[in-house]
Amino acid sequence: FKLIDCPGHNKLHDLTINEIKTSTNIFGLIFLIDSSIDPKKISENAKFLYEILSTTERRPGGVDILIGCNKSDFFSARQSQKIKELLELEIDSYRKLNAHNISKVDNDEVDEEFSDLGQSINSNFKFDLLEGNFDVVSGSVLKDKIEKWECWIDERAVNY
């Protein structure tokens, strides 16, 4: 497999999105997030993840995505399920904001059938409804507790 490490700096996000768009054989992505992140800052991660999903969900069958919740051993770390919920809420906000902006440009109401990421804009966004498989798994690079992430990679390598 090919592994590309893209630093999380905002100025480099376009490089990651471009790599996803131009690569023809992406079967899985690992999106690493700091489990001890301030919930107010999770918005940046959600926005970048939304951009990634807007690209991957256009592919037939989507792309499998693992949210690796790093630093899960820290005292201030949030549970992976809580991080998933926070990301879903933030992504739902971006979806609805995009729909609102589209309606302003078109000077029209957003059609009830309008969907973003394959989901109705009138319902709350859920990762479980994406085309590709979506997993949120805790781990720690510093403590070398990445077995679950390695298993996730192994499953994708065997299946493709």
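**Close-ups around strand E2**

**View 1. Strand E2, wrapped up by its surroundings.** Strand E2 covers residues 64-70, and seven of its seven residues are buried, so the rest of the structure largely encloses it. Keep in mind that this is a predicted model. Look at how the side chains take turns here: Asp64, Leu66, Gly68 and Asn70 point one way from E2, while Ile65, Ile67 and Cys69 point the other way. Whichever way they point, all of them are buried.

**View 2. E2 and its partner E1.** On one pairing, E2 meets strand E1 (residues 28-34), and the two run parallel, joined by seven bridges. To find your place, pick out Phe31, whose bridge partner in E2 is Ile67. Between these strands the chain travels through helix H2 (residues 42-56), making a right-handed β-α-β crossover from E1 to E2.

**View 3. E2 and its other partner, E5.** E2 also pairs with strand E5 (residues 134-138), again in the parallel sense, this time over five bridges. Gly68 is a handy landmark, with Val137 as its bridge partner in E5.

**View 4. Gln81, at the start of a helix stretch.** Gln81 sits in helix H3, which spans residues 80-106. Is Gln81 buried or exposed? Neither one fully: its relative accessibility is 44%, so Gln81 counts as partly exposed. Cys69 of E2 makes a useful reference point, as Gln81 and Cys69 are twelve residues apart in sequence and 9.9 Å apart in space, C-alpha to C-alpha.

**View 5. The largest pocket.** About how much space lies in the largest pocket? Roughly speaking, the figure is about 1500 Å³. Its lining takes in 41 residues, and Leu3, Ile4, Leu29, Ile30 and Phe31 lie nearest the centre. Helix H1 (13-22), E1, H2 and helix H4 (147-159) are the elements that each give two or more residues to this lining. E1 gives the most, with seven residues. By type, the lining of the largest pocket splits into 25 nonpolar, eight polar and eight charged residues.

**View 6. Stepping back to the whole chain.** The protein chain has four helices and five strands, and from the N terminus on they run α-β-α-β-α-β-β-β-α. Of the 160 residues in the chain, 39% are buried. Among contacts with a separation of 6 or more, 74% come from residues 24 or more positions apart.

Terms used. Residues numbered from 1 in each chain as written. Predicted model: local features only at pLDDT ≥ 70, side-chain atom pairs only at ≥ 80, totals over all residues. Heavy atoms only, no water. Buried < 20%, exposed > 50% of the residue type's maximum accessible area, 1.4 Å probe, protein only. Pairing = 2+ DSSP bridges. Right-handed = clockwise from strand over helix to strand, strands pointing away. 1 Å grid on protein atoms, 1.4 Å probe; cavity = no way out; pocket = protein on both sides within 12 Å on 5 of 7 lines; lining within 4 Å. Points joined across faces, edges and corners; volume = space filled by probe spheres on them. Nonpolar A, V, L, I, M, F, W, Y, C, P; charged D, E, K, R; others polar. Contact = heavy atoms within 4.5 Å.
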